Amino acid sequence: MEHVRCNLCGADDADVVFPSTLGQDSDWRAFRCTHSGYGAHPPIVKCQRCGLVYTDPRPEGHHILETYQAVEDPLYVEEREGRVLTFEHHLKPLERLAGDPDGRPLLDVGAYTGVFLEIAAQHGWDAWGVEPSSWAVRKAQGRGLQMVEGTLQTADLPDAHFDVVTLWDVIEHVADPRETLRLAHRLLAPGGLLVVHTIDIDSLFARLMGPRWPWLMEMHIYYFSRTTLRKMLEQCGFEVLGDRPQGRFLRLGYLMNRVAALAPIVGRPAEWLVTKLGLRSRAVRINLGDLFTAYARKPRV
């Protein structure tokens, strides 16, 4: 475990807002996208200078990366339908800002098994992905997708090349989000669009739930608000265009499975009922206001 300073302002002046709830040491299974370990997390602190919320102390950065390299997540593949619907929905506002795809280069950071790459390519983008999980990269490459194994720090990607860079549910997982955003800035062509989707610690739902907010998890090490993410984007040289709450589509069976992990007394009967009615595969749109997408542009000059 290591002690870290605030990644936004560099201060070493943070107070604990959610004490550690971790039990025994975990392994890579706690870092799967579909992991149901809600409520188990290291100490979560808030910087008293700028308001950034993050975990401290936490595992060292190289250990976090090694964990993601080892991740395997078969349940993620099973939930493909909901993710396809989600990314189709997310792509619309992106294209309104970025313009026609027309074979232009797009990079998805933390692309996992490449569902977004597949959707973007179908829309006409020259879609590339970078992902640390060897298992996920094999899945993506097996479907003919353009995937590079590694991270923005290790992948050999061309500077000032991509017209769009996306980070879907990624920024909250990386050990140094400011460096990640600066590398994204370097890879974007002048005028290029950056899209960052993450959880919102300052949302009404998060504040109402307090320590029972489901996104307080071991795999999340940064908890941005719209304000702190905007500050970091500007600090990294971006012009922020705006942000918006943006939910997702989930199959009812998968949703009830997640609810059962969070509240078994409610979720297990609900999952049984959904199964009994043959509704497990039906996709529904969920938006509790605690997920948001920020859009920013690299200046042309």
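What follows is a walk through the cysteines, salt bridges, backbone oddities, cavity and surface patch of this predicted model.

The cysteines come up empty as far as cross-links go. A disulfide is a covalent bond between the sulfur atoms of two cysteines, and the count here is 0 disulfides. Two cases show how that comes about. The sulfur of Cys47 has its closest cysteine sulfur in Cys9, at 3.6 Å, which is too far for a bond. For Cys50 the closest cysteine sulfur belongs to Cys6, at 3.4 Å, and this pair is too far for a bond as well. The cut-off applied is 2.5 Å between sulfur atoms, so neither distance qualifies. Both of these cysteines sit under cover: Cys47 is buried at a relative accessible area of 2%, and Cys50 counts as buried at 15%.

Salt bridges are another story. Side chains of opposite charge can pair when their charged atoms come close, and the model has 9 salt bridges. One of them pairs Glu118 with Arg80, at 2.9 Å from N to O. Glu118 is in helix α4 and Arg80 in helix α3 (residues 80-98), so the contact ties together parts that are 38 residues apart in sequence. Glu118 is buried, with 18% relative accessible area, whereas Arg80 is partly exposed at 33%.

A second pair consists of Asp243 and Arg226, whose side chains meet at 3.0 Å, N to O. This one links distant parts of the chain, 17 residues apart: Asp243 belongs to strand β10 (residues 239-245) and Arg226 to helix α8 (residues 226-235). Asp243 counts as partly exposed at 23% relative accessibility, and Arg226 is partly exposed too, at 29%.

Arg280 and Glu271 also form a salt bridge, with an N to O distance of 3.3 Å. Arg280 is partly exposed, its relative accessible area being 32%, while Glu271 is buried at 17%. Shared partners also turn some bridges into a network, which joins Arg80, Glu118 and Arg143.

Next, the backbone. Most residues other than glycine have a negative phi, and most peptide bonds are trans. Against that background, three spots deserve a look. The peptide bond from Asp56 to Pro57 is cis, with omega near -5 degrees, and Pro57 lies in the loop between β3 (53-55) and α1 (61-70). Tyr112, not a glycine, has a positive phi near 55 degrees. Its place is the loop between β4 (105-109) and α4 (115-122), where Tyr112 is buried at a relative accessible area of 7%. Ala160 likewise has a positive phi, about 50 degrees, without being a glycine. Ala160 falls in the loop between β6 (146-149) and β7 (162-168) and is partly exposed, at 39% relative accessible area.

As for internal space, the count comes to 1 cavity of 30 Å³ or more. The largest cavity holds about 30 Å³ of space. Its lining is made up of Phe31, Pro42, Pro59, Ile64, Glu218 and Ile221.

Finally, the surface carries a nonpolar patch formed by Trp272, Leu273 and Leu277, with about 350 Å² of accessible area together. Leu273 sits in helix α10 (residues 264-276). Patch membership calls for over 30% relative accessible area, and Leu273, partly exposed at 43%, therefore clears that bar.

Conventions: Residues are numbered from 1 along each chain as its sequence is written. This is a predicted model: local features need pLDDT of at least 70, side-chain atom pairs count only at pLDDT 80 or more; totals for chains, interfaces and linings use all residues. Side-chain values use heavy atoms; hydrogens and water are left out. Patches are made of residues with over 30% relative accessible area and no salt bridge: like charges are joined within 9 Å, nonpolar side chains (Val, Leu, Ile, Met, Phe, Trp, Tyr) within 5 Å. Accessible areas come from the Shrake-Rupley method with a 1.4 Å probe; for residues, only the protein chains shown count as cover. A salt bridge is a side-chain nitrogen of Lys or Arg within 4 Å of a carboxyl oxygen of Asp or Glu. Helices (H or I, at least four residues) and strands (E, at least two) are DSSP runs, numbered from the N terminus. Buried means under 20% relative accessible area, exposed over 50%, partly exposed in between (1.4 Å probe, protein chains only). On a 1 Å grid over the protein atoms alone, a cavity is a set of points where a 1.4 Å probe fits but cannot get out, and a pocket is an open set with protein on both sides within 12 Å along at least five of seven lines; lining residues have an atom within 4 Å of a point. Grid points are joined across faces, edges and corners, and a volume is the space filled by probe spheres set on the points.
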